[in-house]
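Me: I'm new to this one and would like a close look at a single part of it. Could you take me through the disulfides, and then show me what surrounds them?

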Amino acid sequence: MRSLFVVALLVASAFAAVPRTNPSKANLQTSRRLLEQLVTRGMPQTPRKPASEAPSKRIVIENFFTTRIDHFDPQNTAEWTLRYLAVTDYYQPGGPILIWLGGNAPIQPYMVDESSLIYDMAREMHGASWVTSDTSTENLRFLNTDQILADLAEFVTYLRREVTRNENAHVLVSGVGYGGSLATWFRVRYPHLADAAWSSGGLHNALMDFQEFAEAWGQTLIDFGSQECYNEIFVAFHVMQNLIDAGREEILHERLNLCTEIDTEDRLQVQFFFITMMTSIELLDSFSEVCNDLTGVDTPTALDSFADWFNNKFHAQDDCAVIDPATFIDWLRDDDWYSPFVQMGARQIFYQECTEFGWFLTTDSDQQPFGNRVTVDAYSELCTRVFGDWIMFESIYHGTQRANNRFGALAPNVNNIHFTNGGEDPFRMLSIRNDLNAQALHDLIPNELIGSDVWAISDLDSKELVAVKRRLKSVLANYLFPHGPRQTPVEN
């Protein structure tokens with residue numbers, strides 16, 4: 001029995017930067033990359049699929065689905081059109097609908113399993129499907145998890161009635177990171193529309209101060225890199241703090257090729273500098289490679305080691321990096337659909353972090369290598385300056401509490417779902433990491449980061465990863481078809 005597969009595309013974008021003095025000196029690409037990561041790092045994405053020797057031969061069909069902008073105001077009848085892609089090569093009547101939720105991430109063909117038939121739908125106002133005339137703060141009120149799940153509910157109903165012509169078609173919702181969160185919450189809120197769910201690395205606990213990330217990241221650095229590498233970063237960040245405290249910020253300005261000197265009297269600017277430095281190291285593609293770069297060279301100090309790595313990775317021969325929070329705020333305030341930050345979805349993601357989830361990566365824990373200068377207050381002020389005075393520390397906190405109360409945080413009342421996490425994924429600290437009941441089980445995969453379980457079984461997989469993938473196929477098939485397929489054709 002074959003199933004049906006749909007992928008919704010989200011349009012990616014880049015960032016722009018404002019240089020200190022000479023535009024030719026500012027490394028726009030570096031600044032764009034760093035600040036893109038700063039906003040989106042709280043919502044991890046599906047990892048890139050390993051290279052395949054045989055290219056995909058499936059046929060991808062572009063389709064559109066129309067739904068309401070506001071599902072909860074009967075007086076608002078405005079609509080918007082969702083763009084999605086369908087792969088139906090292997091579909092047979094009675095097959096399940098497998099839905100892959102991309103969350104905030106742009107969906108790419110490499111995310112599609114050849115044997116699947118999946119429909120993916122993402123409301124997030126992050127791409128080719130425009131919900132409103134712009135992304136003003138007034139219009140962003142339509143961007144919240146309740147509206148996203150309601151969109152998905154209408155989409156599932158549409159697929160059953162109009163596409164499969166089977167109102168009782170079996171449905172699986174799944175995703176990685178925020179997509180895994182949505183899969184869980186859809187099963188919580190609309191259990192009658194989804195027979196099963198799979199959350200890979202789902203972010204289930206809305207948390208304003210996500211200090212546990214830096215702790216877990218540091219441990220992963222030790223496991224995949226070395227203790228020496230951890231120590232080098234620890235010392236470098238503490239030296240940077242000491243230089244600022246001693247009024248020697250010009251050393252950092254010159255050594256790190258910053259476009260502007262750090263105003264040590266401006267608390268937000270100091271915190272934003274350290275957020276940027278944290279972000280740069282968190283961009284790494286390989287823990288072991290970065291550690292080799294940091295510890296495999298002979299430099300006088302840990303700061304020299306870090307600065308050499310930073311400059312080699314992010315700077316050309318003659319340029320600088322933008323670290324001014326005012327520039328970042330101006331970019332995020334631009335609400336035009338063609339704005340680079342809007343095209344990437346950074347403004348939209350930041351809005352959800354400021355109103356629903358938090359997930360702000362701080363240095364409030366002592367058990368991490370990044371010093372102690374990044375606090376929730378910095379993110380709270382950024383939220384206020386980007387979206388307005390109505391967002392403040394208290395409103396962000398209450399938003400996270402509301403999300404947890406509505407969806408159950410780490411203990412939702414849910415079944416017919418399977419949770420998976422990579423044992424080395426720092427974001428697992430926000431995930432459900434234990435069995436909830438006999439039909440809501442969890443697997444922690446040793447020595448893996450996020451999303452390693454979403455691809456077909458490979459010879460490169462560890463035996464633990466292979467075991468989890470096989471268990472997933474068995475468990476989800478049982479959830480989808482406990483008593484055989486249901487087929488109720490819809491009359492023409």
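**The disulfides and their surroundings**

Reply: Let's set the scene before zooming in. The chain's secondary structure adds up to 15 helices and ten strands, and keep in mind that this is a predicted model. The chain has 492 residues, and 58% of them count as buried. If you take the contacts between residues at least 6 apart in sequence, 74% join residues at least 24 apart.

Now to the part you asked about. How many disulfides does the structure hold? There are three. Count the bonded cysteines along the chain and the pattern reads 1-3, 2-4, 5-6. Let's go through them in turn.

Start with Cys-229 and Cys-291, whose sulfur atoms sit 2.2 Å apart in a disulfide. The torsion about the S-S bond of Cys-229 and Cys-291 is about -85°, so this disulfide is left-handed. Find Cys-229 in helix H5 and Cys-291 in helix H8 (residues 287–295): the pair links distant parts of the chain, 62 residues apart. Both Cys-229 and Cys-291 are buried.

Next up is the disulfide that joins Cys-259 to Cys-320, with an S to S distance of 2.1 Å. This link has 90° about the S-S bond and is right-handed. Here you should look in loops: Cys-259 lies in the one between helix H6 (249–255) and H7, and Cys-320 in the one between H9 and helix H10 (325–333), so the pair ties together parts that are 61 residues apart in sequence. Are Cys-259 and Cys-320 buried or exposed? Both are buried.

That leaves Cys-354 and Cys-383, joined by a disulfide with 2.0 Å from S to S. With -80° about the S-S bond, the link of Cys-354 and Cys-383 is left-handed. Cys-354 belongs to helix H12 and Cys-383 to helix H13 (residues 376–387), and the pair links distant parts of the chain, 29 residues apart. For burial we can put numbers on each end. Cys-354 has a relative accessible area of 1% and is buried, while Cys-383 is buried with 0%.

Stay with H12 for a moment. Helix H12 covers residues 346–357 and is mostly covered, with eleven of its twelve residues buried. Along with Cys-354, the buried residues of H12 include Ala-346, Ile-349, Phe-350, Tyr-351 and Phe-357. Some others on that buried list may catch your eye, among them Arg-347, Gln-348, Gln-352, Glu-353 and Glu-356. Just after H12 comes Gly-358, with a positive phi of about 75°.

H5, the helix that holds Cys-229, also takes part in a ring pair. By the ring-pair rule, the count comes to 28 aromatic pairs. One of them is Phe-237 with Phe-306, an edge-to-face pair at 5.6 Å centre to centre and 65° between the planes. Phe-237 is in helix H5 (residues 227–245) and Phe-306 in helix H9 (residues 302–314), so to speak a long reach along the chain: the pair links distant parts, 69 residues apart. Both Phe-237 and Phe-306 are buried. Then compare Phe-357 and Trp-359: their ring centres are 4.5 Å apart and their planes at 10°, so this pair is stacked. Phe-357 and Trp-359 are both buried.

Phe-237 and Phe-306 also belong to a cluster linked through ring pairs, whose members include Trp-217, Phe-224, Phe-273, Phe-274 and Trp-309.

Finally, step back to the nonpolar core. In soluble globular proteins, nonpolar side chains tend to be buried together. Which residues have the most contacts inside the largest nonpolar core? That core has 108 residues, and the ones with the most contacts inside it are Phe-186, Met-240, Leu-256, Phe-273, Ile-281 and Phe-306. Helix H7 (residues 267–282) gives the most to this core, with nine residues. The core also draws at least three residues from each of domain 1 (61–204 + 409–480) and domain 2 (207–402). Apart from it lies another core, of 17 residues, including Trp-198, Val-454, Trp-455 and Val-468.

One last stop is Phe-273. Leaving aside residues up to four places away in sequence, Phe-273 touches Met-240, Ile-244, Leu-252, Leu-256, Leu-258, Ile-262 and Ile-323.

Conventions. Residues numbered from 1 in each chain as written. Predicted model: local features only at pLDDT ≥ 70, side-chain atom pairs only at ≥ 80, totals over all residues. Heavy atoms only, no water. Buried < 20%, exposed > 50% of the residue type's maximum accessible area, 1.4 Å probe, protein only. Helix = DSSP H or I, 4+ residues; strand = E, 2+ residues; numbered from the N terminus. Core = buried A, V, L, I, M, F, W, Y, C linked by side-chain atoms within 4.5 Å. Domains from an automatic or database assignment. Contact = heavy atoms within 4.5 Å. Phe/Tyr/Trp six-rings, centres within 6.5 Å; stacked < 30°, edge-to-face > 60°. Disulfide = S-S within 2.5 Å.
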